[in-house]
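Work through the exercises below with the sequence and the coordinates at hand. Each task is followed by a solution in steps.

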Amino acid sequence: MTLETTAPDSPDERRGIFTQELLDRCISCGFCLPACPTYALTLVETSSPRGRINLMRAIETGALDDDDPTVIEESSFCLGCRACEPVCPAGVQYGALLEEWRDQAWTGRRRPLRLRALLWAVSRRWRVRLMGVPRRHARARGKGDGEARLMLGCFERALYPKVSRAAKRLAPELSVPAGQGCCGALHAHNGELERGRALARELGDALPGTIVTTAGGCAAHLASVLGPERVKELSQWLAGRAADANGGSRTERPRIGLQDSCHLRNGLGVVAEPRALIALVGDYVELPSAAACCGAAGTYALLRPEDSARVLDRHLDEIEAADLDAIVVVNPGCYRQLEQGIKRRKLRTRVVHLAELMAEDR
């Protein structure tokens, strides 16, 4: 018996862990293999989207146990970047399957202690608000009485409070309501799928109208729950106002690259908007790995630091070779990942969020 032959023939043979229609879409064509960062590292079939879907099929039929070492390893080794989705001719929703897999696999003692701590920190609104108390992130004061609201990221408000302040300067029409909680992306991607969806709905109620976010991963998760018509990542929001966003008083145009947010690019298809905005204030340089995962991948850099660093190395090599003045990010996880990597390599390139870059001359 091979893993490819374990797809259940009848509902009676299924455990009900996965949405069967999603499993059935995969035709094992292999188009996903070149797009997968972990397959590129290992060239091992089980470390590819196709291989992992075959593991899922084996789990669904009971051919493999939840505690099988390969099952545990691959559910963790996957970055969840969804780079396989745009290249898949069958339209496999791999990200949704991965969330269902981790919802089953990452429970009880199989959930890392560090992950439990992170989920605990953002599981209640008051804890999330507490993170931002010592830092001066965007506040509700001033303009912003329209129907669009700026979402404050959980860890972003503590680690990078300048991002929300910059976004507010760029779009003063955005209101910043107090009392915001977590969007639920962290939960949905790490074994608490229903809790993640519930938090997204709670945030949607707390932020009526259009939600504008500076975090690509949050944008993709919120859009999957609330609908893309209600959620805009900052570059999408600013794109319609690009005529007002210029280079200001810059006399020299810096060389600037971009690190895409995986979920923003692969989940929502937002590609052109950040590049167009960067081109307004500098000479945009497209790096070969701009669309590939930097290795941050939400909690991945914390849970698997060595693998995360291996994924990042390619990006750092390209940044150094391009001699960039700045590398722009649109997600706080990428911000932290690149900032630490560039510091470790002692490169001259600075890391900056798109909001900060666009607001510098305001």
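The exercises cover the overall fold, the two sheets, the cavities and one pocket of this predicted model.

**Exercise 1. Overall make-up**

Count the helices and strands of the chain, then state how its radius of gyration stands against the globule rule.

Solution. Step 1: the chain holds 20 helices and 7 strands. Step 2: its radius of gyration is 21 Å, and the globule rule gives 21 Å for 362 residues, so the chain is as compact as a globular protein of that length. Step 3: along the principal axes, the C-alpha atoms occupy a box of roughly 65 × 45 × 35 Å.

**Exercise 2. The sheet of three strands**

Derive the strand order of the sheet that contains S1, S2 and S3, using the bridges between them.

Solution. Step 1: take strand S1 (residues 148–151) and strand S2 (residues 210–213), which are parallel and joined by 4 bridges. Ala-148 has Thr-210 of S2 as its bridge partner, and Leu-150 has Val-212 of S2.

Step 2: S2 is also joined to strand S3 (residues 231–233), by 3 bridges and again in parallel. Here the bridge partner of Val-212 is Lys-232 in S3. Val-212 is thus listed with Leu-150 and with Lys-232.

Step 3: the order is S1-S2-S3, an open sheet of 3 strands with parallel pairing. S1 and S3 are the edge strands, each pairing on one side only. From one strand to the next, the twist averages 30°.

Step 4: for the connection, S2, H13 and S3 form a β-α-β unit that is right-handed.

**Exercise 3. The sheet of four strands**

Give the order of the strands S4, S5, S6 and S7 in their sheet, and find which of them stand at the edges.

Solution. Step 1: strand S4 (residues 255–259) pairs with S5 in the parallel sense through 2 bridges; in one of these pairs, Ile-256 has Tyr-284 of S5 as its partner.

Step 2: strand S6 (residues 326–329) and strand S7 (residues 350–353) are parallel too, with 4 bridges. Val-329 is opposite His-353 of S7.

Step 3: the 4 strands make an open sheet with parallel pairing, in the order S5-S4-S6-S7. Strand S5 (283–284) and S7 are at the edges with a single partner strand each, so one side of each has no neighbour in the sheet.

Step 4: S6, helix H19 (residues 332–345) and S7 build a right-handed β-α-β unit.

**Exercise 4. The cavities**

How many cavities of 30 Å³ or more does the whole structure contain, and what lines the largest and the second largest?

Solution. Step 1: the search yields 4 cavities of 30 Å³ or more.

Step 2: the volume of the largest cavity is about 140 Å³. It is lined by 17 residues, with Cys-26, Cys-32, Ile-53, Cys-88 and Val-92 closest to its centre. Helix H3 (49–61) and helix H5 (84–87) are the elements that give two or more residues to this lining, and H3 gives the most, 3 residues. By class, the lining of the largest cavity has 13 nonpolar, 2 polar and 2 charged residues.

Step 3: the second largest cavity has about 90 Å³. Among its 13 lining residues, Cys-36, Pro-37, Cys-78, Cys-81 and Arg-82 are closest to the centre. Helix H2 (37–42) and H3 each contribute at least two residues to the lining of the second largest cavity. That lining divides into 9 nonpolar, 2 polar and 2 charged residues.

**Exercise 5. The second largest pocket**

Which element gives the largest share of the lining of the second largest pocket, and how do the lining residues divide by class?

Solution. Step 1: the second largest pocket holds about 410 Å³ of space. Its lining consists of 23 residues, and Arg-82, Ala-96, Glu-99, Ala-220 and Ser-224 lie nearest the centre.

Step 2: at least two lining residues come from each of helix H6 (94–105), helix H12 (193–206), helix H13 (216–226) and helix H15 (262–268). H13 has the largest share, 5 residues.

Step 3: by class, the lining of the second largest pocket has 9 nonpolar, 9 polar and 5 charged residues.

Step 4: two links to the earlier exercises remain. Arg-82 is among the residues closest to the centre of the second largest cavity and among those nearest the centre of the second largest pocket. H13 lines this pocket and belongs to the β-α-β unit with S2 and S3.

Note on methods: Residues numbered from 1 in each chain as written. Predicted model: local features only at pLDDT ≥ 70, side-chain atom pairs only at ≥ 80, totals over all residues. Heavy atoms only, no water. 1 Å grid on protein atoms, 1.4 Å probe; cavity = no way out; pocket = protein on both sides within 12 Å on 5 of 7 lines; lining within 4 Å. Points joined across faces, edges and corners; volume = space filled by probe spheres on them. Nonpolar A, V, L, I, M, F, W, Y, C, P; charged D, E, K, R; others polar. Pairing = 2+ DSSP bridges. Right-handed = clockwise from strand over helix to strand, strands pointing away. Axes fitted to C-alpha atoms, helices over the stretch in contact; angles between N-to-C directions. Rg over C-alpha atoms; globule rule 2.2 N^0.38 Å.
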